[in-house]
Amino acid sequence: MSRRRRRPEQASSVLLWVAAVIGLLNAAPNVYWAFGGDFLLETVGMWLVDLRGDSPTLTGLALVLISAVKIAVSVLPLVLPGSFRYGRLVWSTAVAGSAGLLVYGASGALVNTALLLFTTVEDPTARMGQALIWYPMLLIWGLVLACGLSQVRQTASRGSLAGD
């Protein structure tokens, strides 16, 4: 494998691994909260604190399910770099996940920041957490994932043009 060919593959691999780590870091609090942890729970909202107090088992199951989805979205793109043998479904799912993270993260960060700046909010701790931690983390995850997927696509198209 030539040096020229290896660099884009390494770049995409690094970006996809960084995106996976960000995604796993985003999933970790959900697992922690599902099993009774409280740290940063109020940054999601008092509604979650109240819901977990009223229905701890159901809320815990929901948080485990959310964690499982985040973990899957984190790990799925790591199967992409070597080849496209996993098919269009995996690729399309990864691209849709990246787009969803970008849109959801950007819109959530903007809305919560606007609410903090221009209104009086009922739950300022939650709004600050949403504006400064959770939505920006989703946005960054989506950006890094999109860059990694773009590198994978460019590397794959170069390989097919070179006759690999």
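**Figure 1. Leu40 is found in the loop between α1 and α2 of the predicted model.** The helices named in these legends are DSSP runs of H or I with at least four residues, strands are runs of E with at least two, and both are numbered from the N terminus. Leu40 is not a glycine, yet its phi is positive, at about 70°. With a relative accessible area of 32%, Leu40 is partly exposed, a class that lies between buried (under 20%) and exposed (over 50%), as computed with a 1.4 Å probe on protein chains only. This is a predicted model, in which local features need pLDDT of at least 70 and side-chain atom pairs count only at pLDDT 80 or more, whereas totals for chains, interfaces and linings use all residues. Residues are numbered from 1 along each chain as its sequence is written, and side-chain values use heavy atoms, with hydrogens and water left out.

**Figure 2. The protein has 5 helices and 0 strands.** Read from the N terminus, its elements follow the order α-α-α-α-α. Of the 164 residues in the protein, 34% are buried. When contacts (heavy atoms within 4.5 Å) with a separation of 6 or more are considered, 73% of them join residues that are 24 or more positions apart. The mean pLDDT, which is the predictor's confidence in each residue on a scale from 0 to 100, is 87 for the protein, and 84% of the residues score at least 70. Among the elements, helix α3 (residues 56-75) has the highest mean pLDDT, 96, and α1 the lowest, 84.

**Figure 3. The largest nonpolar core contains 22 residues.** Such a core is a set of buried Ala, Val, Leu, Ile, Met, Phe, Trp, Tyr and Cys residues joined through side-chain atoms within 4.5 Å. The members that touch the most other members are Trp33, Trp141, Leu145 and Leu149. At least two residues of this core come from each of α1 (3-34), α4 (87-118) and α5 (124-161), and the largest share, 9 residues, is supplied by α5. In soluble globular proteins, nonpolar side chains tend to be buried together.

**Figure 4. Leu145 and Ser98 are in contact.** When residues up to four places away in sequence are not counted, Leu145 touches Leu16, Ala19, Pro77, Ala94, Ser98 and Leu101. Ser98, which lies in helix α4, counts as buried because its relative accessibility is 3%. Apart from its neighbours within four places in sequence, Ser98 is in contact with Gly142, Leu145, Ala146 and Leu149, and Leu149, like Leu145, is among the core residues that touch the most other members.

**Figure 5. Thr93 of helix α4 is shown with Pro77, one of the residues that Leu145 touches.** Thr93 is partly exposed, because its relative accessible area is 39%. Along the chain Thr93 and Pro77 are 16 residues apart, and their C-alpha atoms are separated by 8.8 Å.

**Figure 6. Gly105 and Ala131 are two buried residues, the former with a relative accessible area of 0% and the latter with 7%.** Gly105 lies in helix α4, and its C-alpha atom is separated by 4.8 Å from that of Leu138, although the two residues are 33 residues apart along the chain. Leaving out residues up to four places away in sequence, Gly105 touches Gly100, Tyr135, Leu138 and Leu139. Ala131 is found in helix α5; between the C-alpha atoms of Ala131 and Ala109, which are 22 residues apart along the chain, the separation is 4.7 Å. With residues up to four places away in sequence again left out, Ala131 touches Asn112, Thr113, Leu116 and Pro136.

**Figure 7. The largest pocket has a volume of about 540 Å³.** On a 1 Å grid over the protein atoms alone, a pocket is an open set of points where a 1.4 Å probe fits, with protein on both sides within 12 Å along at least five of seven lines, and its lining residues have an atom within 4 Å of a point. Grid points are joined across faces, edges and corners, and the volume is the space filled by probe spheres set on the points. The lining comprises 23 residues, of which Asn30, Ile66, Lys70, Tyr104 and Leu138 are the closest to the centre of the pocket. At least two lining residues come from each of α1, α2 (46-54), α3, α4 and α5, and the largest share, 7 residues, is supplied by α3.
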